[in-house]
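Here are a few exercises to work through at your own pace. Have the coordinates open, try each task, and then compare your route with the worked solution.

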Amino acid sequence: MSRIPYGRQNISEADIEAVVQVLRSDFLTQGPVVPEFEKVVSRYCGAAYGVAVSSATSALHIACLALDVGPGDLVWTTPITFVASANCARYCGADVDFVDIDPRTYNMSVERLADKLELAKAVGRLPKVVIPVHLAGQSCDMQGIGELAKTYGFRVIEDASHAIGASYRSEKVGNCRYSDITVFSFHPVKIVTTAEGGMAVTNDSALVKKMARLRSHGVTRYAEEMTHAPDGPWYYQQIELGFNYRMTEIQAALGVSQMHRLDAFVSERHTLANRYNQLLSGTHVITPWQHPDSHSAYHLYVVQVPSGGTGAGHAQAFENLRAGGVGVNLHYIPLYRQPYYATMGFKRSDFPESEAYYAHAISLPLFPGLTTQEQDEVVHLLTGSAGYQTIF
Ligand SMILES: *Cc1c(COP(=O)(O)O)cnc(C)c1O
């Protein structure tokens, strides 16, 4: 592991105690703590219901299935995301297409989405579902996407894997005001963790029932969901083909405990991001622009390193940081460049902003517990000695 990783978990004694308590209890899975975690998260973000699952990947899968995504359907997302945002559509047998990004927020561009929808309507190939991703923890223009969803009749799943604790227009991301379902990830590099884990939140009682069934084999114990009256008190029915995507009680206990510190985590990420902004101002490095509608969760701090000019170029800066023990990453390689998706015939020239982003982006380390000394080291390695002079 790098001396300074790009992200890492922050575990307290209270977190450890919460996990140990479950280990001493009657239930390691399917007990009371998973529903408690669902309540804590859905209440926090202002959604009516939550379905806790084994990962955001499984949450995206059951979210697509709940919206009846299947073979022949089309799902659109952004190319600048983790592969899971698109793979969920492929699991359902649907086709995937991408919408280019906005050059300032790096999120799906609402203008490009509108253009693409108009063309798609003309040829009768509209998407069934659009999956905007709140890159780095900054919300997409959800009002714009919501309006297009009404006009063109598609459903919306927010991939908020980066964005628990973030706000959009002074409301928490996850309230599903402009979407059908919002998905969170609790992987250790994300804002709060359950080791592995995810959640789908929604305001739709039919969708939550369907997702809860799909998480556990497609099985129900509720009489009202059965095809006929129960044979007896032992009775359950498999209604459809589901999975074992359950979250354990151990994971949920860690999640409940971590949620107490969510606001503190986000606030510390803002403090660190502001300090990077100051250290990097006046250098050739471009710091992340923030839309006034958005209060980011700052899962990532993505800078752009222009090629040419005085400082080290993109690849050189990346190499300098890695050689210096800093675990920088590039979030993300555009999905249409991945061999799996490239075979589907995408043209790089259709995504000029994603290509420009890919040529210049670097994610700097950002996590609660990152020290100011470590930040100084990162900035020194990134900007080289010229930048160093102007900073100190
Ligand atoms: C991390 C991540 C996922 C997948 O999360 P898991 O919980 O690891 O399955 C999906 N989408 C995005 C944008 C992510 O960053």
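**Exercise 1. How many disulfides does the rule count here?**

Solution. Keep in mind that this is a predicted model.

Step 1: take the cut-off, which asks for two cysteine sulfur atoms within 2.5 Å.

Step 2: try Cys88. The closest cysteine sulfur to its own belongs to Cys64, and at 3.8 Å that is too far for a bond.

Step 3: try Cys45. Its sulfur has its closest cysteine partner in Cys176, 7.0 Å away, again too far for a bond.

Step 4: read off the total, which is 0 disulfides.

**Exercise 2. Sort Cys45, Cys88, Cys176 and Arg169 into buried, partly exposed or exposed.**

Solution. Step 1: recall that buried means under 20% relative accessible area, and exposed means over 50%.

Step 2: place the cysteines. Cys88 has a relative accessible area of 0%, so it is buried. Cys45, at 3%, is buried, and Cys176, at 6%, is buried too.

Step 3: place Arg169. Its relative accessibility is 39%, so it counts as partly exposed.

**Exercise 3. Describe how helix H3 packs with helix H7.**

Solution. Step 1: choose the descriptors. Two packed helices are described by the angle between their axes and the distance between those axes.

Step 2: fill them in. H3 covers residues 56-66 and H7 covers residues 205-215; the angle is about 125° and the axes lie 9 Å apart.

Step 3: name the arrangement. Roughly perpendicular would need 65 to 115 degrees and roughly antiparallel over 145, so H3 and H7 are oblique to each other.

Step 4: add the handedness, which is a right-handed crossing of H3 past H7.

Step 5: list who meets whom. H3 brings Ile62, Ala63, Leu65 and Ala66, while H7 brings Leu207, Lys210, Met211, Leu214 and Arg215. Sorted by class, this contact holds 7 nonpolar, no polar and 2 charged residues.

**Exercise 4. Inspect the backbone at Arg169, Cys176 and Tyr332.**

Solution. Step 1: look at phi. Arg169 is not a glycine, yet its phi is positive, about 50°. Arg169 sits in the loop between strand E7 (167-168) and strand E8 (171-172).

Step 2: move on to Cys176, also not a glycine, with a positive phi of about 60°. The loop holding Cys176 runs between E8 and strand E9 (181-185).

Step 3: check omega. The peptide bond from His331 to Tyr332 is cis, with omega near 10°. Tyr332 belongs to the loop between strand E15 (326-327) and helix H11 (339-342).

Note on methods: Residues numbered from 1 in each chain as written. Predicted model: local features only at pLDDT ≥ 70, side-chain atom pairs only at ≥ 80, totals over all residues. Heavy atoms only, no water. Axes fitted to C-alpha atoms, helices over the stretch in contact; angles between N-to-C directions. Helix = DSSP H or I, 4+ residues; strand = E, 2+ residues; numbered from the N terminus. Parallel < 35°, antiparallel > 145°, perpendicular 65-115°, else oblique. Left-handed = near helix turned anticlockwise from the far one by under 90°. Contact = heavy atoms within 4.5 Å. Nonpolar A, V, L, I, M, F, W, Y, C, P; charged D, E, K, R; others polar. Buried < 20%, exposed > 50% of the residue type's maximum accessible area, 1.4 Å probe, protein only.
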